[in-house]
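Grab a coffee and open the model next to this page. Each exercise sets a small task, and the worked solution then takes it one step at a time.

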Amino acid sequence: MKDHPNLVRGQSADALEKGEIDAMKERLRDYRSMNKEIENQIERLERMEMKISSIGSPVLSDMPKNPSTVYDRMADSVARKVDFENEIKELIAERDSERCSLESLIRQLKKPDERAVIRMRYLDIEDWEDILMMIFGGQRDFNDKYDNYKQRMFRLHSAAISNMAALSH
């Protein structure tokens, strides 16, 4: 058996490959999760902005009251909003950096359909049915051989991940 440079003593090449493939799958899943996290945080920011804009004006009354309550709430809310915006910017920068790194690997894949499946699934966050339609939907026998095309798409996906794992080491 040929020595593999990344093998730990007693580890088989197949086990190492599986580990690398699993690591690549996890990396791609993490990228999708990062996008979802950013979407959720942006929605949260929008809700926060709506609350800030709806902080009511002070009620005018003859009763003595702490005059700075509305200002303090407003100032605190604005400060939290600014901090939150900065956190979102950091998440976006981290995601964009990972996207560039992944795109670099994807460009090295030899087959255009492998590149397409990975880009659509992980970078564009498409679901499997949309990917299937985009890649194979134009085939004349698509409806008759739907299940075959679906399996073909999953094989392209698996091959692309294996190839990306090999390229990343």
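**Exercise 1: A charged spot on the surface**

Arg44 comes out as partly exposed, since its relative accessible area is 40% (under 20% is buried, over 50% exposed, and partly exposed is in between, with a 1.4 Å probe and protein chains only). Before going on, note that this is a predicted model, where local features need pLDDT of at least 70, side-chain atom pairs need pLDDT 80 or more, and totals for chains, interfaces and linings use all residues. Residues are numbered from 1 along each chain as its sequence is written, and side-chain values use heavy atoms, leaving out hydrogens and water.

Your task: find which residues form a positive surface patch, and which helix gives the most to it.

*Solution.*
- Step 1: know the rule. Patch members have over 30% relative accessible area and no salt bridge, with like charges joined within 9 Å. Lys and Arg are the positives, Asp and Glu the negatives, while His and chain ends are left out. Each charge is placed at NZ of Lys, CZ of Arg, CG of Asp or CD of Glu.
- Step 2: list the members. Arg44, Arg47, Lys51 and Arg80 make up the positive patch.
- Step 3: find the helix. Helix H1, residues 13-53, contributes the most, with 3 residues, and Arg44 sits in that helix. (Helices are DSSP runs of H or I with at least four residues, strands are E runs with at least two, and both are numbered from the N terminus.)
- Step 4: look for the opposite sign. Asp83, Glu87, Glu90 and Glu94 form a negative surface patch, and Glu94 belongs to helix H2.

**Exercise 2: The overall layout**

Say how many helices and strands the protein chain has, and what share of its residues is buried.

*Solution.*
- Step 1: count the elements. You get 5 helices and 0 strands, running α-α-α-α-α from the N terminus on.
- Step 2: check burial. Of the 169 residues in the protein chain, 27% are buried.
- Step 3: zoom in on one contact. Arg73 lies in helix H2, residues 69-107, and its C-alpha is 8.9 Å from that of Ile52, 21 residues away along the chain. Arg73 itself is partly exposed, at 45% relative accessible area.

**Exercise 3: Opposite charges**

Work out how many salt bridges there are, and which residue Arg27 pairs with.

*Solution.*
- Step 1: recall the idea. Side chains of opposite charge can pair when their charged atoms come close. Here, a side-chain nitrogen of Lys or Arg must be within 4 Å of a carboxyl oxygen of Asp or Glu.
- Step 2: count. The total is 8 salt bridges.
- Step 3: take Arg27. Its partner is Glu98, and the closest N and O atoms are 2.5 Å apart. The pair joins distant parts of the chain, with Arg27 in helix H1 and Glu98 in helix H2, 71 residues apart. Arg27 is partly exposed at 23%, whereas Glu98 is buried at 17%.
- Step 4: try another pair. Glu49 and Lys81 meet in a salt bridge with 3.6 Å from N to O. Glu49 is in helix H1 and Lys81 in helix H2, so this pair ties together parts 32 residues apart in sequence. Glu49 is partly exposed, at 30%.
- Step 5: extend the picture. Glu49, Lys81 and Glu85 are linked in a salt-bridge network.

**Exercise 4: Rings together**

Identify which residues the ring pairs link into a cluster.

*Solution.*
- Step 1: apply the cut-offs. Rings of Phe, Tyr and Trp (its six-membered ring) pair with centres within 6.5 Å; planes under 30 degrees apart are stacked, over 60 edge-to-face, and the rest tilted.
- Step 2: count. That gives 4 aromatic pairs. One of them is Phe142 with Tyr146, edge-to-face, at 5.7 Å centre to centre and 80 degrees between the planes.
- Step 3: compare burial. Phe142 is buried at 4%, while Tyr146 is partly exposed at 24%.
- Step 4: join them up. The cluster holds Phe136, Phe142, Tyr146 and Tyr149.

**Exercise 5: An unusual phi**

Find where Ile125 is placed, and what its phi is.

*Solution.*
- Step 1: locate it. Ile125 is in the loop between helix H3 (112-123) and helix H4 (128-136).
- Step 2: read the angle. Ile125 has a positive phi of about 55 degrees, though it is not a glycine. For background, most residues other than glycine have a negative phi.
- Step 3: check exposure. Ile125 is partly exposed, at 32% relative accessible area.

Notes. Patches are made of residues with over 30% relative accessible area and no salt bridge: like charges are joined within 9 Å, nonpolar side chains (Val, Leu, Ile, Met, Phe, Trp, Tyr) within 5 Å. Accessible areas come from the Shrake-Rupley method with a 1.4 Å probe; for residues, only the protein chains shown count as cover.
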